Amino acid sequence: QVQLVESGGGLVQAGGSLRLSCAASGIIFSVNTMGWYHQAPGKQRELVASITKSGSTNYADSVKGRFTISRDNAKNTVYLQMNSLKSEDTGVYYCNAELFTSYRASGDYWGQGTQVTVSS
């Protein structure tokens with residue numbers, strides 16, 4: 001009985017920047033790893049970046065040096081700062097989180113997605 005809500009998508013020129021946000025709400029005991037996924041048109045959803053509760057990060061090779069993932073545990077929120085955007089970054093970005101909704105009971109949850117369009 002939880003919800004993830006993304007925001008911050010939009011239209012941007014190549015080389016520009018966007019900042020995505022995702023907030024978890026509901027009855028949550030703990031938030032573990034959170035991540036961002038990208039789904040380009042006609043492609044499978046792929047991991048862009050993830051971050052553990054303690055702050056350890058992991059990035060896809062295609063975004064290293066350009067994107068930064070961060071989180072605010074007090075707000076149950078994860079962010080994705082996207083710089084030097086390329087046309088290949090176009091697509092829907094989904095937030096994902098492993099949430100404990102009761103004692104030692106966890107589930108995998110997804111947001112509704114937010115559209116990012118990078119123009120040349």
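Reader: Before we discuss Lys-86, which range counts as partly exposed?
Author: Buried means under 20% relative accessible area and exposed means over 50%, with partly exposed in between. The structure above is a predicted model.

Reader: Where does that put Lys-86, then: buried, exposed or partly exposed?
Author: Lys-86 has 37% relative accessibility, so Lys-86 counts as partly exposed.

Reader: And where is Lys-86 along the chain?
Author: Lys-86 sits in the loop between β8 (77–82) and β9 (91–102).

Reader: Which residues does Lys-86 touch, leaving out those up to four places away in sequence?
Author: With those left out, Lys-86 touches Arg-66 and Val-118.

Reader: What is the C-alpha to C-alpha separation of Lys-86 and Lys-43?
Author: Their separation in space is 17 Å, and in sequence Lys-86 and Lys-43 are 43 residues apart.

Reader: Let us turn to β8. Why is β8 described as largely enclosed by the rest of the structure?
Author: Because 5 of the 6 residues of β8 are buried.

Reader: Which sheet does β8 belong to, and in what order do the strands run?
Author: β8 belongs to an open sheet of 4 strands in the order β1-β3-β8-β7, with antiparallel pairing. The edge strands are β1 and β7, each of which pairs on one side only. On average, neighbouring strands of this sheet are turned by 15° against each other, direction ignored.

Reader: How many bridges link β8 to β7?
Author: β8 and strand β7 (residues 67–72) are joined by 6 bridges and run antiparallel. Within that pairing, Ile-69 has Leu-80 of β8 as its bridge partner.

Reader: What about the turn in that hairpin; which residue takes a positive phi?
Author: Asn-76 does, with a phi near 50°; the hairpin of β7 and β8 has 4 residues between the strands.

Reader: And how many bridges on the β3 side of β8?
Author: β3 and β8 pair over 6 bridges, in the antiparallel sense. There, Leu-18 has Met-82 in β8 as its bridge partner.

Reader: Moving across to the edge, how does β1 pair with β3?
Author: β1 pairs with strand β3 (residues 18–26) in the antiparallel sense, over 6 bridges. Opposite Val-2 stands Gly-26 in β3, and opposite Glu-6 stands Cys-22 in β3.

Reader: Which side chains of β1 are buried?
Author: In strand β1 (residues 2–7), Val-2, Leu-4 and Glu-6 point to one face and are buried. Gln-3, Val-5 and Ser-7 point to the other face and are not buried. In a regular strand, side chains alternate between the two faces of the sheet.

Reader: Which residues does Thr-101 touch, again without those up to four places away in sequence?
Author: Thr-101 touches Val-2, Ile-27, Phe-29 and Tyr-109. Thr-101 lies in strand β9 and is partly exposed, with a relative accessible area of 24%.

Reader: How far is Thr-101 from Asn-58, between C-alpha atoms?
Author: Those C-alpha atoms are separated by 25 Å, while Thr-101 and Asn-58 are 43 residues apart along the chain.

Reader: Finally, pockets. What volume does the largest pocket have?
Author: The largest pocket has a volume of about 200 Å³.

Reader: Which lining residues lie nearest its centre?
Author: Of the 15 residues lining the largest pocket, His-38, Glu-46, Val-48, Ser-62 and Glu-88 lie nearest its centre.

Reader: How does the lining divide by residue type, nonpolar, polar and charged?
Author: The lining of the largest pocket has 7 nonpolar, 3 polar and 5 charged residues.

Reader: Which strand gives the most to that lining?
Author: Strand β5 (residues 46–51) gives the most, with 3 residues.

Conventions
Residues numbered from 1 in each chain as written. Predicted model: local features only at pLDDT ≥ 70, side-chain atom pairs only at ≥ 80, totals over all residues. Heavy atoms only, no water. Buried < 20%, exposed > 50% of the residue type's maximum accessible area, 1.4 Å probe, protein only. Helix = DSSP H or I, 4+ residues; strand = E, 2+ residues; numbered from the N terminus. Pairing = 2+ DSSP bridges. 1 Å grid on protein atoms, 1.4 Å probe; cavity = no way out; pocket = protein on both sides within 12 Å on 5 of 7 lines; lining within 4 Å. Points joined across faces, edges and corners; volume = space filled by probe spheres on them. Nonpolar A, V, L, I, M, F, W, Y, C, P; charged D, E, K, R; others polar. Contact = heavy atoms within 4.5 Å. Axes fitted to C-alpha atoms, helices over the stretch in contact; angles between N-to-C directions.
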